[in-house]
Amino acid sequence: MSSTDVVELILQDHRRMEDLFRTMRNIEADRAAALEEFADLLIAHASAEEDKVYPALRRYKNVDGDDVDHSVHEHHEANAALLALLEVEDTASEEWEEKLEELVTAVNHHADEEERTLLNDARENVGDDRRAELGRAFREARAQYLKADCGSIENVRKLVAAADD
């Protein structure tokens, strides 16, 4: 990863998630491995955004705080959809296909919305140096989460339960 621009880093993760969805939709692929990578990436990505990026964006008057709140809400929805898929044991089952499509819908909706609102606002209103700083903070936090096996079913269960409180 050469870029440290937080917007570029987030977009790179979104594109990787789309690649992983393609793999998970392929019956001949190692769906379990793709899901494992996806789970780690989704949780690390969303957690790093919530820790490092969203609080910073909230401070810009041209970035809509409601968009930030909405994004956090959509992270919770995606986590719940992820948990539902992680709990399906047979990757060749009809249930797996259904839960995968629910996850794809939740994540793609969020990524699309985030790209059109928050990321465009960040690109327009946050200076290059600040975006690079946020990118470094995002990358560091994301790496910490990845090291901590953040996409494990136990951790995803905790996150979903915490969001329901």
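Helices H3 and H4 run roughly antiparallel to each other, a label for angles over 145 degrees. Their axes cross at roughly 160° and come within 9 Å; axes here are lines fitted to C-alpha atoms over the stretch in contact, with angles from 0 to 180 degrees between N-to-C directions. H3 covers residues 65-86, and H4 covers residues 94-125. Helices are DSSP runs (H or I, at least four residues; strands are E, at least two), numbered from the N terminus.

A quick word on what you're looking at. This is a predicted model, where local features need pLDDT of at least 70, side-chain atom pairs count only at pLDDT 80 or more, and totals for chains, interfaces and linings use all residues. Residues are numbered from 1 along each chain as its sequence is written, and side-chain values use heavy atoms, leaving out hydrogens and water.

Back to H3 and H4: their crossing is left-handed, with the near helix turned anticlockwise from the far one by less than a right angle. H4 itself has 32 residues, which at 1.5 Å a residue should span 46 Å (1.5 Å times one less than the number of residues); its end C-alpha atoms are 45 Å apart, so the two agree. Still, H4 bends by about 40° at Glu115, going by axes fitted to the seven residues ending there and the seven starting there.

Now step back along the chain. H2 and H3 pack at about 165°, with their axes 11 Å apart, so this pair is roughly antiparallel too. H2 passes H3 in a left-handed crossing. Among the residues in contact (heavy atoms within 4.5 Å) are Leu35, Phe38 and Tyr54 of H2 and Val68, His75 and Leu82 of H3.

H2 (residues 31-58) also meets H1 (residues 6-25): their axes come within 9 Å and cross at roughly 155°, so H1 and H2 are roughly antiparallel. This crossing is left-handed as well. The contact includes Ile10, His14 and Phe21 of H1, and Leu35, Phe38 and His45 of H2.

Finally, the bigger frame. An unreviewed UniProt entry places "domain: Hemerythrin-like" at residues 6-119; such annotations may be inferred rather than shown by experiment. Over residues 6-119 the chain is 84% helix and 0% strand, and the end C-alpha atoms are 9 Å apart.

Methods:
Parallel < 35°, antiparallel > 145°, perpendicular 65-115°, else oblique.
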